[in-house]
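Me: Could you teach me how to read the helices, salt bridges and surface of a protein model, taking the general idea before the particular case?

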Amino acid sequence: MPEHLKALDKKHPDRVAWRKRQAYLHDQEQEHIEKTRSAQAVLVSARKNETRPRFWLSWSCDFRGRIYSQQSWLDPQSRDFERSVLRFADGCRLDEQGKEWAARAVGAAFGGTKQSYASRSQWTYDNAELIAAIASDPIRHSSQWENADKPWQFLQMAMEWNAVVLQQTKPLWQVPVSVDSTASGLQLLSAMRRDPVGMKWTNLIPSEDPDQPPRDAYLEVLRVAREIAEADPKTSSLAAHLKDRSLGKPVLMIAIYGGSYRTNRGDIVDALRKLGSYPDTVSWEDTKVMTDILQKASKQVFPAAFETLDWLKKLCTLAIENSATSLSWETPCGDLIHQAEYEVDSIEVDTYGHGRMRIAVGSVNKPNEKRLKSGFAPNFVHSYDACLLKTAFQQWNKPLVTIHDCIAVLPNDMYAAQERIRRAMVHICQGEPLARLAEDLSAINKDFITLGQSGAELSQVLNSEYMFN
């Protein structure tokens, strides 16, 4: 610590800011070290398996039906590098649709998924020479791909595209191509409420122009946030900092899953640090204002979704008042979800690296109402995104990877996979899912008001291009 800061009171803002900055740098260093160790372990594991014609991965389901990989290494739900060393044992000979999906995947790995499908595949076709050069000598051309959206998966895709399509030295395509839902929780709540605004911004309603890129809910929240900031002279200077997508995403996404205000503010600080505007341009006090603005903007863009979250909290409170010590509901795919939370005995331990920590040593047979309430809404949403994939891929006998609200298949199978997902969304959100939930919790009485539905047609989902993008 510099001498002039040592002379200050320990609670002085300048000294506190310096300590926070040092803690951030320490965390970044530890993250880099962990990435290096992880990459080394992945390579060791990959070399052990590369001579095998195939090997199997192990999966488990949590109580909500969400599927999780159980691998220590070679985990398809892990980082970009780890995913890039995996491919399906069974490949496909690309047909016309498959070739187009493969081209989109190459373009998306390089430039991201915010462009239209046509723009992604066009980038791939226009850059055949670059892809061939990168595939033939990745190290020499590393400056051309190291800043890609997903650099290691792009390198894997480039090598596959070069071998299968450009050079035709490999007959079968084996690299998984993936699509990810547009804000899964917001999609589900918007579809349940038939909310045309929420369905529009989560790409459940198709665009009038098929050549348009997918709508971005996070950028729309930022646009509204800038309007709110500019309307007040006291906050107008912050509008210039409310542009990067990394600021819009954490508040909107985490709000659906019960994230606290402290978590929202911490994520905003992290995003600003990476953008280089904190703490020198944007102060700690400013981050509170920005968090408030982003939360307000999120509720303006998705009023029905946030109304539903408040309703779910009231529903849970009413169920507890009616003597419920746990919560149970049935999903449209027939799974009975049972959420039970109990008090935990714990001890405090002073550690060298992480300071004082509280460690659980066992549970007691006493319901924890606070955790039951905080976990109910996200658990309900997660049970439905698990149900979506389970419904979509019943009787599916082709290569498949699921990553919560994301799937990866062979290029030839992507059209069929997306069609299944759209039909599954219509199936699980038909009728009144929220009214059924209230009935399952026995929480309906004369004083409890159930939520209505707006005028959007659920069948529009069947024509959505970018529901999973």
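The dialogue below takes up a few features of this predicted model in turn.

Me: How should I read burial along a helix, and which residues of helix 9 are buried?

Reply: The general idea is that a residue counts as buried when its relative accessible area is under 20%. In helix 9, ten of the ten residues meet that condition, so the helix is largely enclosed by the rest of the structure. The buried residues run through S184, G185, L186, Q187, L188, L189, S190, A191, M192 and R193, and they pack against several helices, among them helix 12 (245-256), helix 15 (303-321) and helix 16 (369-392). Just after helix 9, R194 takes a positive phi of about 55°.

Me: What lies before helix 9, in the loop that holds S181?

Reply: S181 sits in the loop between strand 3 (177-180) and helix 9 (184-193), and with a relative accessibility of 9% it counts as buried. A polar atom of the S181 side chain lies 3.5 Å from the backbone nitrogen of S184. Once the neighbours within four places in sequence are set aside, S181 is in contact with Q187, D405, M467 and F468.

Me: How can I check the length of a helix, and what span should helix 11 have?

Reply: The check compares an expected span with the distance between the end C-alpha atoms, and at 1.5 Å a residue the 14 residues of helix 11 (residues 217-230) should span 20 Å, which agrees with the 20 Å between its end C-alpha atoms. At the N-terminal end of helix 11, D216 acts as a cap, with a side-chain oxygen 3.0 Å from the backbone nitrogen of Y218. The buried residues of helix 11 include A217, Y218, L222 and I228, and their cover includes helix 10, helix 12 and helix 14 (284-301).

Me: Why might salt-bridge partners be found three or four places apart in a helix?

Reply: An α-helix has 3.6 residues a turn, so residues three or four places apart point the same way. In helix 11, E220 and R223 are three residues apart, about one turn of the helix, and they form a salt bridge in which the closest N and O atoms are 2.7 Å apart. E220 is buried, at 12% relative accessible area, whereas R223 is partly exposed, at 34%. In helix 4 (residues 96-111), E100 and R104 are four residues apart, again about one turn, and their side chains meet in a salt bridge of 3.5 Å, N to O. Here E100 is partly exposed, at 22% relative accessibility, and R104 is buried, at 17%.

Me: Which parts of the chain are linked by the salt bridge between K398 and D413?

Reply: The closest N and O atoms of K398 and D413 are 3.5 Å apart. The pair links distant parts of the chain, 15 residues apart, with K398 in the loop between helix 16 and strand 8 (401-402) and D413 in the loop between strand 9 (406-409) and helix 17. K398 counts as partly exposed at 42% relative accessibility, while D413 is buried at 8%. The structure holds 21 salt bridges, and E348, D350, R356 and R358 are linked in a network of them.

Me: Finally, which residues form the nonpolar patch on the surface?

Reply: The patch is formed by I347, M357, I359 and V361, which together have about 330 Å² of accessible area. Strand 7 (residues 355-367) gives the most to it, with three residues. M357 is found in that strand and, at 35% relative accessibility, counts as partly exposed.

Definitions and conventions. Residues are numbered from 1 along each chain as its sequence is written. This is a predicted model: local features need pLDDT of at least 70, side-chain atom pairs count only at pLDDT 80 or more; totals for chains, interfaces and linings use all residues. Side-chain values use heavy atoms; hydrogens and water are left out. Helices (H or I, at least four residues) and strands (E, at least two) are DSSP runs, numbered from the N terminus. Buried means under 20% relative accessible area, exposed over 50%, partly exposed in between (1.4 Å probe, protein chains only). A polar contact is a pair of N or O atoms within 3.5 Å; within protein, one must be able to donate a hydrogen and the other to accept it, and residues adjacent in sequence count only if both atoms are side-chain atoms. Contact means heavy atoms within 4.5 Å. The expected span of a helix is 1.5 Å times one less than its number of residues. Patches are made of residues with over 30% relative accessible area and no salt bridge: like charges are joined within 9 Å, nonpolar side chains (Val, Leu, Ile, Met, Phe, Trp, Tyr) within 5 Å. Accessible areas come from the Shrake-Rupley method with a 1.4 Å probe; for residues, only the protein chains shown count as cover. A salt bridge is a side-chain nitrogen of Lys or Arg within 4 Å of a carboxyl oxygen of Asp or Glu.
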